[in-house]
Amino acid sequence: MGNETKIQVREIKKGMEAAGSVLERYLIRFLGPVGRKISEATQTGRIMALVGIATVAVSLVLIAVFALSFRTEVQKGVLVVSKQIVNIRDRASIKGKVVAKAEKGETLSYISSAEGWYQVRVTDGTGWVSHDMVVRKGNRTVIIEYEVKGFGIVFLAGVGLFIAGILQKKKKK
């Protein structure tokens, strides 16, 4: 290594030390009790702990922004009339008033179910049809997806670096 390169390396080290001491001074105060623990460590330990905290913070941001994805999808399915003519009633009972009729093969939009009856959408609102009169096609499902990509390893490395740093205690004189 030439003299010019050695001088540049020395100047870079000085700059890093100055930036590190300013960062260390203010960050340790900001961290409260954790900062006091860090200040009890050696200089190398303090740097390791602060780099660990920065790594944890950056990895949490990366996880929140790039690695988590949620998707919710509701697929309700349909009901297909299986009898020649089916009565659709105003309540879930054989005694309910007939509000509409449907023919074999016709599809009905499913809304909900209760005690052997399906609530369906009809022209003028909703009605109820017996489970025995229709066949359900498709299921009602909710899909929730999430994935955490490789940023978790960075997070754990930051935690490890922080712990290793605060374990390096200054020697008492």
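Modeller: Before we start, helices are DSSP runs of H or I with at least four residues, strands are runs of E with at least two, and both are numbered from the N terminus. This is a predicted model, where local features need pLDDT of at least 70 and side-chain atom pairs count only at pLDDT 80 or more, while totals for chains, interfaces and linings use all residues. Residues are numbered from 1 along each chain as its sequence is written, and side-chain values use heavy atoms, with hydrogens and water left out.

Colleague: Fine. In what order do the elements of the chain run from the N terminus on?

Modeller: The chain has four helices and nine strands. Starting from the N terminus, the order is α-α-α-β-β-β-β-β-β-β-β-β-α.

Colleague: And what percentage of the 173 residues in the chain is buried?

Modeller: Let's fix the word: buried means under 20% relative accessible area, exposed means over 50%, and partly exposed is in between (1.4 Å probe, protein chains only). By that cut-off, the buried part of the 173 residues is 24%.

Colleague: Let's look at α4. How far does this helix reach from its first C-alpha to its last?

Modeller: Helix α4 covers residues 151-167, 17 residues in total. The expected span is 1.5 Å times one less than the number of residues, which gives 24 Å for α4. The model comes close to that, with a reach of 25 Å.

Colleague: Within what arc do the buried residues of α4 fall?

Modeller: Gly158, Phe162, Gly165 and Ile166 are the buried ones. Seen down the axis, they line one face of α4, because the arc (taken from the directions from the helix axis to the C-beta atoms) that holds them is within 90°.

Colleague: Then which residues are exposed on the other side of α4?

Modeller: In general, an α-helix has 3.6 residues a turn, so residues three or four places apart point the same way. Across from the buried face, the exposed residues of α4 include some with aliphatic names you'll recognise: Ile153, Leu156 and Leu167.

Colleague: Now α3. Which residues does methionine 48 touch, not counting those up to four places away in sequence?

Modeller: Methionine 48 is in helix α3, and its C-alpha is 8.5 Å from that of isoleucine 163, 115 residues away in sequence. Contact means heavy atoms within 4.5 Å. On that basis methionine 48 touches Leu161, Phe162, Ala164, Gly165 and Gln168.

Colleague: Serine 59: which residues is it in contact with, leaving aside neighbours within four places in sequence?

Modeller: Serine 59 also lies in α3, residues 43-67. Serine 59 counts as buried because its relative accessible area is 0%. Its contacts outside that window are Phe151, Val154 and Phe155.

Colleague: How far apart in space are alanine 64 and phenylalanine 151, C-alpha to C-alpha?

Modeller: Alanine 64 is in α3 as well, but it is exposed, with a relative accessible area of 52%. Along the sequence, alanine 64 and phenylalanine 151 are 87 residues apart, and in space their C-alpha atoms are separated by 9.9 Å.

Colleague: On to the rings. What kind of aromatic pair do tyrosine 110 and tyrosine 118 form?

Modeller: Rings of Phe, Tyr and Trp (its six-membered ring) pair if their centres lie within 6.5 Å; planes under 30 degrees apart count as stacked, over 60 as edge-to-face and the rest as tilted. A search of the whole structure finds one pair. Tyrosine 110 and tyrosine 118 are 5.6 Å apart centre to centre with 75° between the planes, which makes the pair edge-to-face.

Colleague: Which residue has its charged end over the ring of tyrosine 110?

Modeller: Tyrosine 110 and tyrosine 118 are both buried. A charge sits over a ring if NZ of Lys or CZ of Arg is within 6 Å of the ring centre and within 35 degrees of the ring normal. Over tyrosine 110, at 4.0 Å from the ring centre, sits the charged end of arginine 136.

Colleague: Which residue in β8 is the bridge partner of leucine 79?

Modeller: Two strands pair if DSSP finds at least two bridges between them. Strand β2 (residues 78-81) has three bridges to antiparallel β5 (residues 107-114), and four to β8 (residues 134-137), also antiparallel. Leucine 79 is partnered in β8 by arginine 136.

Colleague: Last one: what value is phi of glutamate 115 near?

Modeller: Most residues other than glycine have a negative phi. Glutamate 115 lies in the loop between β5 and β6 and counts as exposed at 81% relative accessibility. Its phi is positive, near 45°.
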